[in-house]
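Please open the structure in your viewer and keep the selection panel at hand. The tour below moves from one selection to the next and says what is there at each stop.

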Amino acid sequence: MSTHVLAAEDLSGFGTDPWWLIVIKVLFIFVFLVLSVLLTMWAERRILGRMQLRLGPNRHGPFGLLQGLADGLKLGVKEDLVPKNVDKWVYILAPAAASAPAFISFAIMPFGPQVSIFGHQTHLQLTDLPVAVLLVLAMASMGVYGFVLAGWASGSPFALLGGLRSSAQVISYEIAMALTFVAVFLYAGTLSTSGIVDAQERLWFAVVLIPSFLIYMVTMVGETNRIPFDLPEGEGELVGGYHTEYSSMKFAMFFLAEYVNMSTVCGLSVTLFLGGWRAPAPISTIWPDANTGWWPMLWFIAKFAMVMFIFIWLRAAMPRVRYDQLMKLGWKVLIPVSIVWIIVVATMRALRNAEATTTTWLVVVGAGLAAALVALYLWDRAAEKRREAKETAKEQEFATLKAKPTAGGFPVPPLRAAHYGSAVRDALEAPRPERGTSAKEVTGA
Amino acid sequence: MSNHEAVKRVPGAGLAKGLAVTFRTLLRRSVTAQYPEVKPALPARSRGAIALLEENCTSCMLCARECPDWCIYIDSHKETLPAPEGGRERARNVLDRFAIDFSLCMYCGICIEVCPFDALFWTPEFEYAEYDIRDLLHEKDRLREWMWTVPPPPENDPSGAVPKEITTAERTAGPLTPGAGGDRDGGSEGGAGE
Amino acid sequence: MDISERTVGVGAGAAQTGDAVSAKDMATEDMVLNIGPQHPSTHGVLRLRLRLDGEQIVSAEPIVGYMHRGAEKLFEVRDYRQIVVLANRHDWLSAFANELGVVLAVERMLGMEVPERATWARTLLAELNRVLNHLMFLGSYPLEMGAITPIFYAFTEREYLQAVMEEVSGGRMHYMFNRVGGLKEELPAGWTGRARATVAEVRHGMVRVEEIIHGNEIFRARTRGVGVLTREQILQYGVSGPIARASGVDFDLRRDEPYLAYGELGDVLRVVTRTEGDCHARFSCLLDQVAVSLNLADACLDRLEALPPGPINQRLPKVLKAPEGHVYQWTENPLGLNGYFLVSRGEKTPWRMKLRSASFNNVQVLKELLPGNLVADMIAILGSMFFVVGDIDK
């Protein structure tokens, strides 16, 4: 395939930078990430504030811009508590294990095309690999170790549950996430990020592969443990989750890791689905030079900020899902849908490669549509039947309630009821399931 | 709202609604009052601190006794005034100490209500937080200072009964001329309590 | 009750725990998780001792009393005006309704007639207080579920209402506005107009509160079918208020045993009920009750403006003594039934004043409700029980 060849050629531009350029790039990425964390925190609090009829932090520096810095300093000078029965080595290692991999992923993020830095032609990207996107996935998996180890080492039930949830969640959402990448790979024909950006020169994959993009948006929230999927640290249940027992700088590291992870998935979404550093359509048509020189960096950051805004917006509007619902969504919805979508994408690609005729296309699409219609019809019938069954069950319940006069008035408690271990009840009524489940039954009806 | 539940829901409609509401709010002005710069406009009845009009106090101890958590401290001594021409000697209570411990005070206002001589008043001032809890014990000079911040009471609702202060005043001093009665009397004109 | 508490070490120390269910197999251990007394979801210092099997609750025990302040004992050495101060503090979210219970009891004991204006004004303020209380829970419940925005919307509305309450009574939370025989003082001029405007504003703002969370799919998924209270459980534990009505127990003192002016408000007073009995039903009940209360407030304002001029309180003797005897007065507090059993020996303080608070009875049912649920559901259920810790511990 031609794209393959192209991608392979592209990568020859990498790995040739002199050492000082690499240092500059590494420093840039680090500074970019730290700054983006500080600014995201500020933006998050300001935007959340405005969405909640408040102002948000506005005291430190202009518009409160230095709030993040102040918070960082405060965290740094706070007392570093180490609980007595922690597993000390692991406890100290965990924050570092969580935040270091988060930074690495950004090495393959393309900020722009080739530019000239001090007379040296180079890509605005630290490096690229033939399997660059896999590096991101690998690093995300590495990051989980930090959370799990933190949960384990803290020796507290809240932290343990948080760590367990975190590992289960990240692992299961990573599968769905990887599956959405497959569609992108099929279209781009490469795993290298610069190649994927080049493949989106005419049309963003977010448009071509809408289902993939939507699933990715969900998984990226799940992957970064943000609302509505912030179960590992859901303060309503687990106080602070895996970082309950952490304080001071170690806590700050987790905080940093979370926000850098956000940056990573945002950058990835821009690269994989939103055309990377390429200017959005109206700008690039009006202004042909938009995609050359240093300008692309601006487009990249603009798109990056937009995706970040979605994160913040979601946080303002959503409650937290329950753990089993999260798993259900991941395993029973996102993964199957992804797989089906990949099959569809693969079929389309195969047909295109085989230079299929219009008739073949029509047949395939028609068959697909017909199958979908039949499935929809069957599903609807089943749903209808379920509804009817529900209604009849409800009516029956009402009938039994009516027939039973003992469903008493308020101040007089019914004397024989499912409680206090009343023996009379068993004699008078048909045996019922255990209390815990009987409650569920009533709702179903 | 029960009909909401009956209507078949479009999946995701609730999520979209939430997103829409938050976005709409983002574009609206926030309601936050920037406190230290912008002072809150508190109503006259607001219970901020208790002010003492020392001149009116007869150290009768009613407030201290009625206080539900006994946070008022009063010390006084008797003073005998020299007999005026052809009269008798008179004893008078002199207030030595009047203190309210605001760290105990529950802000119920009973002391103000029971004071028969109008020596205690509410002021809406509230900015007297301290780093040391002991400093919340306000002595009489500090309580006297609050007096300057006591606002006039609000006019009463015209359909309410005429306050007994006004009826007694009218009984003893004859009908009040309109406008001469000050704030308290404003309600009685409209109310036509007579 | 076994008082020996076994704390199971988890995490690094999990290996050392003995006492396995069956020694040789791969024994699983129940884990004891203390929710509270300091935990973000317990609104203060309620403590729940949970035994967990994984994330599933095996048994739950509410341990109350961390905030016990001995209100009932304190009542015995306070006169009938001072009691009001204490009474509005056990459930700090429904201060007005609480003081109302006390003064109604004393008034009944004295056989005292309250001026009509006072009755209507009390009804109005009680309903505004109900809205304030419900708004608090409408905000805090989603917060516990992770939705951070609704509480700000709810509190914005609360702020408007609190301004109205503060203007009339001087207090934002502890109004201290009820007195035996009426209210403390006359309403300020123009207050009714401002109250009416605020009621309209809050009614408008409620749309926002409802839109952001009530229909939210995640919220519904977490609350529907979760923590179902049956009618029987309600009756056995004496659960009352919106929680009981959400399970189809159609009981509301405002309608069934009218006090204040509720008897004349029959056409406005709609008792909100649900049949599902789950968390979502409880939340919807609260939401609808706000609408009803706002309507009631409007009706009260109409009546208040139409009433002939008159006093708002009774002149009281210097020392108020309730006659010998006893009386039980209950009211429909925002959170449920609130009762004061007043026993007097003819002194100026009650001989005994027993307080039946709604939250105390309502949380008892948790013991029955929680087992079998997940920890995450525990939060949903706990939040939907709408309790105030002060009201539990008294």
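Two strands count as paired here if DSSP finds at least two bridges between them. With that in mind, and remembering that this is a predicted model, begin in chain B by selecting S3(B) and S5(B), which pair in the antiparallel sense over two bridges. Within this pairing, look for B:Asp101, which stands opposite B:Leu137 in S5(B).

**The sheet of chain B**

Now widen the selection to the sheet around these strands, an open sheet of three strands in chain B that follows the order S2-S3-S5 with antiparallel pairing. Strand S2 (72-81) and strand S5 (137-138) of chain B are at the edges and have a single partner strand each, so one side of each is left without a neighbour in the sheet. Next, select residues 90-101 of chain B, which are strand S3, and follow the 10 bridges that join this strand to S2(B) in an antiparallel run. Two residues of chain B can serve as landmarks along that run: B:Asp75 has B:Arg97 in S3(B) as its bridge partner, while B:Tyr73 has B:Ala99 in S3(B) as its bridge partner.

**From chain B to chain C**

Keep chain B on display and add chain C, because the next stop lies where the two touch: 36 residues of chain C are in contact with 33 residues of chain B. On the chain C side, helix H2 (82-90), helix H5 (150-169), helix H6 (191-213), helix H7 (217-223) and helix H11 (279-306) are the elements that give two or more residues to this contact with chain B. Select H6(C) in particular, which gives the most to the side of chain C that touches chain B, with six residues. If you colour that side by residue class, you will find 14 nonpolar, 12 polar and 10 charged residues.

**Chain C as a whole**

Now hide chain B and view chain C by itself, where 15 helices and eight strands can be traced. The radius of gyration of chain C is 22 Å, close to the 21 Å that the globule rule gives for 394 residues, so chain C is as compact as a globular protein of that length. Along its principal axes, the C-alpha trace of chain C spans about 85 × 50 × 35 Å. Of the 394 residues in this chain, 59% count as buried. Among the contacts in chain C with a separation of 6 or more, 69% are accounted for by residues 24 or more positions apart.

**The two domains of chain C**

Colour residues 11-63 of chain C as domain 1 and residues 71-393 as domain 2, following the division of the chain. The centres of these two domains of chain C, taken over C-alpha atoms, are separated by 35 Å. Where the domains meet, the contact takes 15 residues from domain 1 of chain C and 18 residues from domain 2 of chain C. On the domain 1 side, strand S2 (47-53) and strand S3 (56-63) of chain C are the elements that give two or more residues. Which strand gives the most to the side of domain 1 of chain C that touches domain 2 of chain C? Select S3(C), which gives seven residues to that side. The residues of domain 1 of chain C on this side divide into eight nonpolar, five polar and two charged.

**A sheet and a helix in chain C**

Staying in chain C, select the three strands that form an open sheet in the order S6-S7-S8, with antiparallel pairing. Strand S6 (325-333) and strand S8 (352-356) of chain C are the edge strands of this sheet, and each of them pairs on one side only. On average, and with direction ignored, neighbouring strands of the sheet are turned by 10 degrees against each other. Zoom in on residues 336-344 of chain C, which are strand S7, and note that this strand pairs with S8(C) in the antiparallel sense over five bridges. A place to stop within this pairing is C:Leu342, whose bridge partner in S8(C) is C:Met353. Then add residues 95-110 of chain C, helix H3, which lies across S6 and S7 of chain C and runs at about 150 degrees to S6(C).

**Last stop: chain A**

Finally, bring chain A into view, where 17 helices and two strands can be selected. Buried residues make up 42% of the 445 residues in chain A. Of the contacts in chain A with a separation of 6 or more, 75% are accounted for by residues 24 or more positions apart.

Methods: Residues are numbered from 1 along each chain as its sequence is written. Chains are lettered from A and ligands numbered from 1 in the order in which they are written. This is a predicted model: local features need pLDDT of at least 70, side-chain atom pairs count only at pLDDT 80 or more; totals for chains, interfaces and linings use all residues. Helices (H or I, at least four residues) and strands (E, at least two) are DSSP runs, numbered from the N terminus. The radius of gyration is taken over C-alpha atoms; the globule rule is 2.2 Å times the number of residues to the power 0.38. A residue is buried if 20 or more other C-beta atoms lie within 10 Å of its own, exposed if 12 or fewer, and partly exposed in between; C-beta atoms are placed from the backbone. Two residues are in contact if their C-beta atoms, placed from the backbone, lie within 7 Å. Domain bounds come from an automatic or database domain assignment. Ala, Val, Leu, Ile, Met, Phe, Trp, Tyr, Cys and Pro count as nonpolar, Asp, Glu, Lys and Arg as charged, and the others, Gly among them, as polar. Axes are lines fitted to C-alpha atoms, for helices over the stretch in contact, and angles run from 0 to 180 degrees between N-to-C directions.
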